[in-house]
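Trainee: Could you show me how to read a sheet and a helix pair in a model like this one?
Mentor: Sure, let's look at it together.

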Amino acid sequence: MVDLVVRSRRAVVGGAERPAAVAVTGSRIESVSAYDATIEAAEDVDLGDTALLPGLVDTHVHVNEPGRTEWEGFATATRAAAAGGVTTIIDMPLNSLPPTVDVEALRIKQAAAAGKIHVDVGFWGGAIPGNAAALPGLHDAGVFGFKAFLADSGVPEFPPVSPAELALSLKAVDALFVVHAEDPGHLRDAASSAAYADFLASRPAAAEDAAIATAIDAARATGQRVHILHLSAAGALTLIAAAQAEGVRVTAETCPHYLTLDAAQIPDGATEFKCCPPIRDAANADALWRALTDGLITCVVSDHSPCTPELKRRDTGDFAAAWGGIASVQLGLPVIWTAARDRGHRLADVVEWMARRPADLVGLAAKGRIAPGADADLVAFDPDATFEVDPSRLHHRNPVTPYAGKVLRGVVRTTWLRGRRVTTDQAGGRFLMREG
């Protein structure tokens, strides 16, 4: 007898929707059978026409605990993730105090998260000036790779690296490096203004182009893997495609806000839309969609980067003074499904972008897929239901979102983590370590 069977006429398995019965023993998927297969189970859940997806994998989440837990924390961030169908997150190394730039800081962060996590959690390390010697030990401690900024990160304890320092870090350890790619030489200080156009002009596409060229040069010179974070400027895709064609190990991701929001539609003073790099125009978003469809952009992740309402400067609407970051870990799936469906994409495409490929990026072979031997991370998702985003019903710590009031398609009904239903009062997540 197995512990659990979940049946759906719309299970996303092997890159396609099909009727299936997923049998779970312990924490793993034991088999994937026909929808009406006879399977003796302690619990048998029939979803009917509600879709069954693998749990999403979000490799770009800023939890901020310890040190800035009033912005976000492990309990609230992981509850939000589970409510959005995300069963694995990889936490970014900055905005917490201390930042995750050595083994001691990693242990402090893990201690802060212990007993609070509702989904499985892994960690990125940080590459900053002067810590190249610490990277091998941090890698051995299980981080999934290292994040570096080429421009100001917004927090003083996580300074950017120069091109030479980036190359030094890449030479220090055989690891995946993920890069915030904006070139400081192309950025200018934004003047105090409530006009989004003024903020956008301060962070032009040329800043991304130049920084991505720098990251590609470092990858080419060292042979290391470099992944471009939160790609916003579609023009840089030609650089990435050319580098891949010559064998440089470079990949890229983007985020829901770059795919679905339009700079021309952002109201004055609406600082909840501020992020870095910035949201650009609709034509740029169309180009990002084409790259995602073609596989040049490999995955879609949230870059969940919340803060307190006060830091968003909603009182003044001053984009220059506001913190740059969008909180979306709970909403990414319906945001992307709503837009993808309108563009003729399948639910299986969304699973590819938001589950399997992010899992593959960080080497989590048991995550992001419904297959025998994989972790039984499952999501019951009603792809036809609609809802209006009410910030008060979001689980992340501060109810600030650019999606407030938007009507989205797709509702998460149930999330299972390693075969157990996720509830708001039971923190059953585990720490993940790099495999291999």
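**Reading the sheet and a helix pair**

Mentor: Here 6 strands make an open sheet, ordered β9-β10-β11-β12-β13-β14, with parallel pairing. Strands (E, at least two residues) and helices (H or I, at least four) are DSSP runs numbered from the N terminus, and two strands pair if DSSP finds at least two bridges between them. β9 (125-126) and β14 (299-300) each have a single partner strand, so they stand at the edges with one side lacking a neighbour in the sheet. This is a predicted model, where local features need pLDDT of at least 70, side-chain atom pairs count only at pLDDT 80 or more, and totals for chains, interfaces and linings use all residues. Residues are numbered from 1 along each chain as its sequence is written, and side-chain values use heavy atoms, leaving out hydrogens and water.

Trainee: How many bridges link β10 and β11?

Mentor: β10 (residues 146-149) and β11 (residues 176-180) pair in the parallel sense over 4 bridges. Ala148 has Val179 in β11 as its bridge partner.

Trainee: At what angle do the axes of α10 and α11 cross?

Mentor: Axes are lines fitted to C-alpha atoms, for helices over the stretch in contact, with angles from 0 to 180 degrees between N-to-C directions. For α10 (residues 332-342) and α11 (residues 347-361), the axes come within 10 Å and cross at roughly 135°.

Trainee: Which residues make the contact?

Mentor: Contact means heavy atoms within 4.5 Å. α10 brings Gly332, Leu333, Ile336, Trp337 and Ala340, while α11 offers Leu347, Val350, Trp353 and Met354.
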